[in-house]
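Walk me through this fold, starting from the sheet and moving out to the helices.

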Amino acid sequence: MSTLEGRSKSGLLVIDVQNDVVAKAHERDAVVGAIGALVEKARAELVPVVWVRHHDEGMPAGGDGWQIVPELRPAEGEPVVEKEYGDSFEDTPLETVLAERGVGRVFVTGAQTDMCVRSTLHGALARGYDAMLVADAHTTEDLSQWGAPEPAEVIAHTNLYWSYQKAPGRTAGTVESKEIDFWAR
């Protein structure tokens, strides 16, 4: 259980699944499809879905590249949190959005694995949340020309190391999208 008192609900975070962010992402269509299926499952089970959208100098707010991909659309009433930093909690209202919905456990999906997804996972765990990475619902682009491993290796390594994360009073780990039970504790 999270260390956040009175916050027993799960929530689904969809991080930066935007046109420019996932344009060249590894297995883009499969990941977007997995996220779409999870969004529908969460909605059907009345689990809060929270969207996160990045903007910066290279991807200004309002532009086509900044838009969430056309396959995924926030439903009416689902919050979209705007951010400028890797950690989706940093200088955003995400904590307030989750608190208002009673969320103490987050299932994290989106892009990019080695940047905003990892930063948000660590940010959630450090802030008292149970933080679960959806192993087949995050992706990254190929940054190997700058010395990074190939995208599949980045994803596999992130799944491996996050499966062993823990903190006092909190849980973390990975789960495949088809195995998610938003209500299990």
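What follows goes from the sheet to its edges, then to the helices that pack on it.

This is a predicted model. Begin with the sheet. It is open and has 7 strands, in the order β3-β2-β1-β4-β5-β7-β6. The pairing is mixed. Two strands stand at the edges: β3, residues 80-83, and β6, residues 166-167. Each has a single partner strand, so one side of each is left without a neighbour in the sheet.

Now take β1, residues 9-15. Of its 7 residues, 6 are buried, so β1 is largely enclosed by the rest of the structure. On one pairing, β1 runs parallel to β4, and 7 bridges join the two. Ile15 stands opposite Gly110 in β4. β1 also runs parallel to β2, joined to it by 4 bridges. Here the bridge partner of Ile15 is Val52 in β2. Ile15 thus links to both neighbours: Gly110 in β4 and Val52 in β2.

Follow Val52 outward. Strand β2 spans residues 49-54 and runs parallel to β3, with 4 bridges between them. Val52 has Val81 of β3 as its bridge partner. Arg53 is paired in the same way with Glu82 of β3. The two β3 partners fall on opposite faces of that strand: Val81 lies on the covered face with Lys83, while Glu82 lies on the uncovered face with Val80.

Next come the helices. Helix α2, residues 28-44, lies across β1, β2, β4 and β5. Its direction makes about 135° with β5. Helix α5, residues 151-162, also packs on the sheet, where it touches β5 and β7. The angle between α5 and β5 is about 160°.

Which residues of α2 are buried? They are Arg28, Val31, Val32, Ala34, Ile35, Gly36, Leu38, Val39 and Ala42. These buried residues pack against β1, β2, β4 and β5, and also against α1, residues 19-22. The spacing of such a set has a simple background. An α-helix has 3.6 residues a turn, so residues three or four places apart point the same way. In length, α2 has 17 residues and reaches 24 Å from its first C-alpha to its last, close to the 24 Å expected at 1.5 Å a residue. Just after α2, Leu46 takes a positive phi of about 60°.

Turn to α5. It has 12 residues and reaches 16 Å between its first and last C-alpha, close to the 16 Å expected at 1.5 Å a residue. Its buried residues are Pro151, Val154, Ile155, Thr158, Asn159, Tyr161 and Trp162. They pack against β5 and β7 of the sheet, and against helix α4.

That leaves the helix pair. Two packed helices are described by the angle between their axes and the distance between the axes. For α4, residues 113-126, and α5, the angle is about 10° and the axes are 11 Å apart. An angle under 35 degrees counts as roughly parallel; α4 and α5 are therefore roughly parallel to each other. Which residues meet in this contact? From α4 come Thr113, Asp114, Arg118, Leu121, His122 and Leu125. From α5 come Val154, Ile155, His157, Thr158, Tyr161 and Trp162. The residues of this contact divide into 6 nonpolar, 4 polar and 2 charged. Val154, Ile155, Thr158, Tyr161 and Trp162 appear both in the contact and among the buried residues of α5.

Note on methods. Residues numbered from 1 in each chain as written. Predicted model: local features only at pLDDT ≥ 70, side-chain atom pairs only at ≥ 80, totals over all residues. Heavy atoms only, no water. Pairing = 2+ DSSP bridges. Contact = heavy atoms within 4.5 Å. Axes fitted to C-alpha atoms, helices over the stretch in contact; angles between N-to-C directions. Parallel < 35°, antiparallel > 145°, perpendicular 65-115°, else oblique. Nonpolar A, V, L, I, M, F, W, Y, C, P; charged D, E, K, R; others polar. Expected span 1.5 Å × (residues − 1). Buried < 20%, exposed > 50% of the residue type's maximum accessible area, 1.4 Å probe, protein only.
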